[in-house]
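Grab a coffee and pull up the model, then try the exercises below. Each one comes with a worked solution.

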Amino acid sequence: MKIDKTQIQKHNDKLYTAHQRKVKPLVNEFPSAKKVINKLVDFQIAIPSWALGTGGTRFGRFSGGGEPRTLEEKIEDVGLLHALNKSSGAISLHIPWDIPASNRKIKALAAEYGLTFDAVNSNTFQDQPNQKHSYKFGSLQHVNTKVRQQAIDHNIDVIKYGKALGSNSITVWLSDGSSFPGQLNFRKAFQRTLEGLREIYSALPPNWRMFVEYKAFEPNFYSMTVGDWGQSYLYASKLGPKAFTLVDLGHHLPHANIEQIVSLLLMEGKLGGFHFNDSKYGDDDLTVGSINPYQLFLIFNELVEGMDARHMDHARDLGWMIDASHNVKDPLEDLLQSVEAIKIAYAQALLVDRKELSRAQEANDVAKAQEILQQAYRTDVRPLVAEARIKSGGALKPIQLYRELNVRKQLVSERGIKTVATGL
Ligand SMILES: [Mn+2]
């Protein structure tokens with residue numbers, strides 16, 4: 001299904017007067033409000049193909065119905081999100097789950113919905129049917145050269161699929177590691193992994209980037225071969241200028257200071273992109289901003305500061321993507337909430353008075369520095385985010401319109417109640 005412009009216009013007309021009442025005071029209060037709105041218009045967050053179905057845990061999976069069964073239907077779902085919020089203009093594919101039957105047709109379909117292809121993702125964390133060698137004991141780190149070669153070949157294939165669709169980056173997340181002390185020689189595992197990554201790196205087309213994603217634990221519970229930002233940074237530095245670290249918010253040990261990690265990676269020019277989600281305990285993959293929105297704001301505060309220090313384009317120079325999973329919510333509503341939370345945190349970070357903050361920092365005025373950050377964080381910027389949405393042709397209240405149009409009900413009637421999306 002498609003949401004057309006008149007449906008959005010009708011919805012916006014109904015709510016416009018009330019919206020104007022809220023946005024005007026903000027525009028009057030903040031001289032930078034118009035600039036902030038324009039930056040919000042530009043800012044796009046890619047949707048991963050695997051987040052469109054209901055996720056599960058190892059205890060079970062409860063499908064919500066109407067889930068996309070094919071790559072075409074996944075593109076349709078992201079198209080629906082993008083029509084509503086005008087901020088989800090890219091889809092990130094996972095190979096082998098999302099291999100197109102025809103690149104030309106898939107590209108044309110995506111263009112119909114105004115979508116581009118974000119980073120492509122490889123998969124060496126599970127065995128596929130008819131796969132020759134098993135990844136039970138790792139992929140690029142494996143003691144057997146044939147397993148390593150199979151993993152290298154797969155990643156190079158993923159680059160080829162991405163290239164055909166106009167993507168320009170690959171995200172490599174490895175589940176490699178060990179679950180028991182003594183199982184692995186850390187140094188050999190690192191070196192083998194580096195050698196494999198080097199081969200993949202050398203297959204990158206000229207304008208491509210490689211993102212090396214780290215994770216502290218799971219599925220391995222004693223060591224991960226790309227376990228933290230230091231290890232990822234080490235790989236990315238040794239690989240070369242096209243390799244970067246990717247930060248997934250849920251992939252840290254509890255209480256890690258992610259904003260500081262982000263600041264230093266940016267300083268070194270080695271931050272490549274983000275996977276947004278939220279968590280309370282581990283890699284919970286919860287809706288962005290649902291548990292700790294202040295942390296999200298502090299991360300964006302460092303992002304804006306660091307990107308501006310390097311004269312970077314906020315919208316284009318880093319990869320922005322959601323990486324979450326939904327056990328009990330409608331995945332599309334959940335993704336709308338996640339995108340909104342990201343834009344709110346970004347808008348708040350844009351409102352931080354940088355000059356004043358720097359003065360307070362240089363004067364050791366700790367209380368003032370905190371006041372400046374919290375002044376921005378406690379500003380209700382939702383009308384600015386909504387204004388940006390109207391300007392780009394989206395809906396004032398995306399979830400409200402999604403419900404009014406009975407989107408899920410229609411998807412269930414088109415696709416069936418017992419559909420299961422491919423992927424995790
Ligand atoms: Mn991730």
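A crossing is called right-handed if the near helix is turned clockwise from the far one by less than a right angle, and left-handed if it is turned anticlockwise. Keep in mind that this is a predicted model.

**Exercise 1. Work out how H6 and H7 are arranged, and what sits between them.**

Step 1: find the helices. H6 covers residues 186-202 and H7 covers residues 229-239; their axes come within 10 Å and cross at roughly 50°.

Step 2: name the arrangement. Angles of 65 to 115 degrees count as roughly perpendicular and those under 35 as roughly parallel, so H6 and H7 are oblique to each other.

Step 3: give the hand. H6 passes H7 in a right-handed crossing.

Step 4: list the contact. H6 brings Leu 194, Leu 197, Arg 198 and Tyr 201, while H7 brings Tyr 235, Lys 238 and Leu 239. Sorted by type, the residues of this H6 and H7 contact are five nonpolar, no polar and two charged.

**Exercise 2. Do the same for H3 and H10.**

Step 1: H3 is residues 71-85, and its axis comes within 11 Å of that of H10, crossing at roughly 45°. That makes H3 oblique to H10.

Step 2: the crossing of H3 past H10 is right-handed.

Step 3: on the H3 side you'll find Asp 77, Leu 80, Leu 81, Leu 84 and Asn 85; on the H10 side, Leu 332, Leu 335, Leu 336 and Val 339. The tally for H3 with H10 is seven nonpolar, one polar and one charged.

**Exercise 3. Find the residues with the most contacts inside the largest nonpolar core.**

Step 1: that core has 107 residues, and Ile 91 and Leu 384 have the most contacts inside it. Helix H10 (residues 331-350) supplies the largest share, 12 residues.

Step 2: look around Ile 91. Leaving out residues up to four places away in sequence, Ile 91 touches several residues, including Ile 47, Ile 75, Val 78, Leu 115 and Phe 117.

**Exercise 4. Track down the backbone oddities in two loops.**

Step 1: start between E9 (209-213) and E10 (223-224), the loop that holds Pro 219. The peptide bond from Glu 218 to Pro 219 is cis, with omega near 10°. Glu 218 also has a positive phi, near 80°, though it isn't glycine. With 13 C-beta neighbours inside 10 Å, Glu 218 counts as partly exposed.

Step 2: move to the loop between H3 and E4, where Lys 86 is found. Lys 86 has a positive phi as well, near 55°. Is Lys 86 buried or exposed? It has 23 C-beta neighbours inside 10 Å, and 20 or more is the cut-off, so Lys 86 counts as buried.

Notes: Residues numbered from 1 in each chain as written. Predicted model: local features only at pLDDT ≥ 70, side-chain atom pairs only at ≥ 80, totals over all residues. Axes fitted to C-alpha atoms, helices over the stretch in contact; angles between N-to-C directions. Helix = DSSP H or I, 4+ residues; strand = E, 2+ residues; numbered from the N terminus. Parallel < 35°, antiparallel > 145°, perpendicular 65-115°, else oblique. Contact = placed C-beta atoms within 7 Å. Nonpolar A, V, L, I, M, F, W, Y, C, P; charged D, E, K, R; others polar. Core = buried A, V, L, I, M, F, W, Y, C linked by C-beta atoms within 7 Å. Buried ≥ 20, exposed ≤ 12 C-beta atoms within 10 Å, placed from the backbone.
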